[in-house]
Amino acid sequence: MIVLRSILFNVLFYISTLIIMLACMFLFVLPVRYCWWLIPFWARTEKFLLRWVAGVKSEVKGLENIPDTGCIIVSKHQSAWETFALAEYYRQPTYILKKELRYVPFFGWYLMKFRQIPVDRGKKGKALSEMSKKAAEAIAEGRNIVIYPEGTRRPAGAEPQYKYGIVHLYKTLNCPVVPVALNSGVYWPRRRFFRFPGTIKGEFLEPIQPGLQPDEFFKTLQERIEGASDRLLDEAEKATPDNIIIKEARVRQAEYKKK
């Protein structure tokens with residue numbers, strides 16, 4: 001049953017996304033302020049399919065921790081789930097992402113329409129400067145900057161690998177940082193075809209206010225995200241003890257904690 005439900009969901013996910021993008025092409029002739037409704041609409045559509053086709057529920061807490069002003073959302077990244085499921089809660093979300101995504105037909109065009117921030121990783125210092133300038137403009141407009149500090153999806157239970165670049169944004173933008181913990185990798189594991197029934201949980205945690213020393217901020221950020229993500233992994237284990245991804249996650253945790 002999991003195989004069939006996973007096949008059906010994966011097919012519907014991509015087809016529904018393509019249909020939405022094609023049906024909303026008219027947005028390209030409108031000012032972007034009239035277009036933001038598309039993101040929560042897409043997010044809710046895919047979560048509906050995930051719930052009723054694949055049997056994976058979505059539960060999000062801590063929305064009161066998202067400030068009304070511009071801020072940086074710093075999220076754990078375990079699967080594709082957090083890239084769309086949390087988007088409906090952001091204010092004009094602005095993702096920092098690799099520039100190659102702009103060249104994906106339709107999807108890349110929407111990224112440019114919604115003024116997302118591409119990063120050319122090959123340019124290093126220059127790329128960091130350009131990213132900071134565009135991020136500052138977005139914060140001034142009251143938007144939410146969304147970044148994954150490990151740079152890529154990491155499997156549940158894997159050793160954290162935060163990149164220090166988030167400290168540069170914290171110092172430059174001088175705004176609150178909202179950490180996000182989750183356990184999405186248990187039910188939507190990266191590079192796996194299967195979607196495992198259960199409840200994906202995400203939590204917006206207490207914001208980190210500007211003014212901390214770089215190392216203190218970096219340590220606080222990791223402690224909050226990793227501590228809460230470990231708790232959510234424990235909750236997933238209690239709810240779905242037979243999930244094979246949890247067993248793999250525990251092996252990974254045991255290995256890196258030996259170091």
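Which residues lie nearest the centre of the largest cavity?

1. The model considered here is predicted, and the points that follow should be read with that in mind. Gln78, Gly157, Ser229, Asp230 and Leu233 are the residues that lie nearest the centre of the largest cavity, and they belong to a lining of 14 residues. Two elements, α8 (214-239) and α9 (244-257), give two or more residues to that lining, and α8 gives the most, with 4 residues.

2. The search of the whole structure returned 2 cavities of 30 Å³ or more, and the volume of the largest is about 110 Å³. By residue class, the lining of this largest cavity comprises 6 nonpolar, 5 polar and 3 charged residues.

3. The second largest cavity, with a volume of about 40 Å³, has a lining made up of Pro118, Val119, Asp120, Ala127, Glu130, Met131 and Lys134. At least two of these lining residues come from β4 (117-119), and at least two from α5 (125-140); α5 gives the most, with 4 residues. In this lining 4 residues are nonpolar and 3 are charged, while no polar residue is present.

4. The loop between α8 and α9, the two elements named above for the lining of the largest cavity, holds Asn243. Is Asn243 buried or exposed? Its relative accessibility is 6%, and because buried means under 20%, Asn243 counts as buried.

5. The side chain of Asn243 is directed to backbone atoms that follow in the sequence: the backbone nitrogen of Ile245 is reached at 2.7 Å, and the backbone nitrogen of Ile246 lies 3.3 Å from a polar atom of the Asn243 side chain. When the neighbours within four places in sequence are left aside, Asn243 is in contact with Val186, Tyr187 and Phe196. Of these partners, Tyr187 is a residue that falls within the range of helix α7 (residues 184-187).

6. Helix α7 also contains Ser184, for which the computed relative accessibility is 0%, so that Ser184 counts as buried. Which side chain makes a polar contact with the side chain of Ser184? The partner is the side chain of Glu82, at 2.7 Å. Not counting residues up to four places away in sequence, Ser184 touches Gln78, Ser79, Trp81, Glu82, Pro189 and Ile200. Gln78, one of the residues touched by Ser184, is also among those nearest the centre of the largest cavity.

7. Two annotations, both from an unreviewed UniProt entry, can be set beside the model. The record places the feature "transmembrane region" at residues 7-30; in the model the end C-alpha atoms of this span lie 36 Å apart, and the span is 71% helix and 0% strand. The record also gives "domain: Phospholipid/glycerol acyltransferase" for residues 71-185, a span that is 33% helix and 20% strand and whose end C-alpha atoms lie 25 Å apart. Since annotations of this kind may be inferred rather than shown by experiment, the two labels are reported here as the record's own.

Notes:
Residues numbered from 1 in each chain as written. Predicted model: local features only at pLDDT ≥ 70, side-chain atom pairs only at ≥ 80, totals over all residues. Heavy atoms only, no water. 1 Å grid on protein atoms, 1.4 Å probe; cavity = no way out; pocket = protein on both sides within 12 Å on 5 of 7 lines; lining within 4 Å. Points joined across faces, edges and corners; volume = space filled by probe spheres on them. Nonpolar A, V, L, I, M, F, W, Y, C, P; charged D, E, K, R; others polar. Buried < 20%, exposed > 50% of the residue type's maximum accessible area, 1.4 Å probe, protein only. Polar contact = N/O pair within 3.5 Å; in protein donor to acceptor, adjacent residues only side chain to side chain. Contact = heavy atoms within 4.5 Å.
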